[in-house]
Amino acid sequence: MHFTINGKSYEAEVDVRTSLLDLCREHLGLTGSKKGCDHGQCGACTMLVNGRRINACLTLAVMHQDDEIMTIEGLGTVENLHPLQAAFVKHDGYQCGYCTPGQICSAVGMLDEVKKGWPSHASADLSDVTFDESEISERMSGNICRCAAYPNIVEAIREVAAEQREVTA
Ligand code: FES
Ligand code: FES
C-alpha cells in the first residue's frame with residue numbers, strides 16, 4: 001500500500017485490519033502520535049486527514065491510501081515550531097506530554113472548523129465565535145489530559161486563535 005504522510009511517500013505491506021495509528025507507529029516509525037486508549041476515548045492519537053482531525057486508532061490504514069495525512073511530526077520542526085507548538089511551550093500546556101501531540105493536532109483541526117463556521121454546542125453566536133474557556137473546552141472535549149493541564153492548554157489555544165483572528169481581520 002502507498003501512503004502520503006507529512007508530504008512524504010511511504011510504501012508499506014500491512015494487514016487490512018491495521019489501524020492508521022498502528023501503521024504510523026509500528027510500521028513507519030512515526031511515533032509522535034500516541035496510543036492512549038485505542039478505542040476512540042482519549043484523543044491521544046489525533047491526526048489530520050485531508051485537514052480534518054480524526055482518531056487514528058479508529059480508522060483503518062487501508063482506507064487512507066489516497067489521503068493527505070498529517071501527524072505531529074509534520075506540523076513543525078524544533079527550529080521552526082508551529083504556532084500552536086510554540087504556544088503550548090510558552091503556556092506550559094503539558095506535564096507528561098503524552099496527550100500533547102493529539103491536543104495540538106486536534107487544535108489545528110478545531111481552529112479550521114471555526115474558520116469554516118462549524119458550530120459547537122457552546123457557541124452563542126456562530127458569526128462571531130468567542131474563544132472563551134467553555135467554547136475551547138467544548139470543541140476540545142475529545143482530547144483528554146490525564147495530567148489535567150487543561151487551563152494552560154486552553155490558554156495556549158486561545159492565544160493562537162486570537163492571533164489568527166487578527167491576521168484575518
Ligand atoms: S488512542 Fe485513539 S482515541 Fe485514544
Ligand atoms: S500532559 Fe500528561 S496526559 Fe496531558
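Colleague: Into which domains is the chain divided, and what are their bounds?

Modeller: Keep in mind that this is a predicted model. The C-alpha centres of the two parts, domain 1 and domain 2, lie 21 Å apart. As for the bounds, the chain splits into domain 1 (2-75) and domain 2 (83-168).

Colleague: Which element gives the most to the side of domain 1 that touches domain 2?

Modeller: The contact takes 16 residues from domain 1 and 15 residues from domain 2. On the domain 1 side, strand 3 (46-49), strand 4 (52-55) and helix 2 (72-75) each give two or more residues. The top giver there, with three residues, is strand 3.

Colleague: And how do the residues on that side of domain 1 divide into nonpolar, polar and charged?

Modeller: That side is made of 16 residues from domain 1. They come out as seven nonpolar, six polar and three charged.

Colleague: Okay, what about the largest nonpolar core: which element supplies the largest share?

Modeller: That core has 39 residues, and at least three of them come from each of domain 1 and domain 2. Elements supplying at least two residues include strand 1 (2-5), helix 1 (20-27), helix 4 (100-115) and helix 6 (150-168). The largest share, six residues, belongs to helix 6.

Colleague: Which residue outside domain 1 is in contact with M47, leaving aside neighbours within four places in sequence?

Modeller: M47 is among the residues with the most contacts inside the largest nonpolar core, along with A56, L84 and I157. Its contacts beyond four places in sequence are L20, S33, I54, A56, I69, M70, T71 and C105. Domain 1 covers 2-75 and domain 2 covers 83-168, so by those bounds the partner outside domain 1 is C105.

Definitions and conventions
Residues numbered from 1 in each chain as written. Chains lettered and ligands numbered in written order. Predicted model: local features only at pLDDT ≥ 70, side-chain atom pairs only at ≥ 80, totals over all residues. Contact = placed C-beta atoms within 7 Å. Helix = DSSP H or I, 4+ residues; strand = E, 2+ residues; numbered from the N terminus. Nonpolar A, V, L, I, M, F, W, Y, C, P; charged D, E, K, R; others polar. Core = buried A, V, L, I, M, F, W, Y, C linked by C-beta atoms within 7 Å. Buried ≥ 20, exposed ≤ 12 C-beta atoms within 10 Å, placed from the backbone.
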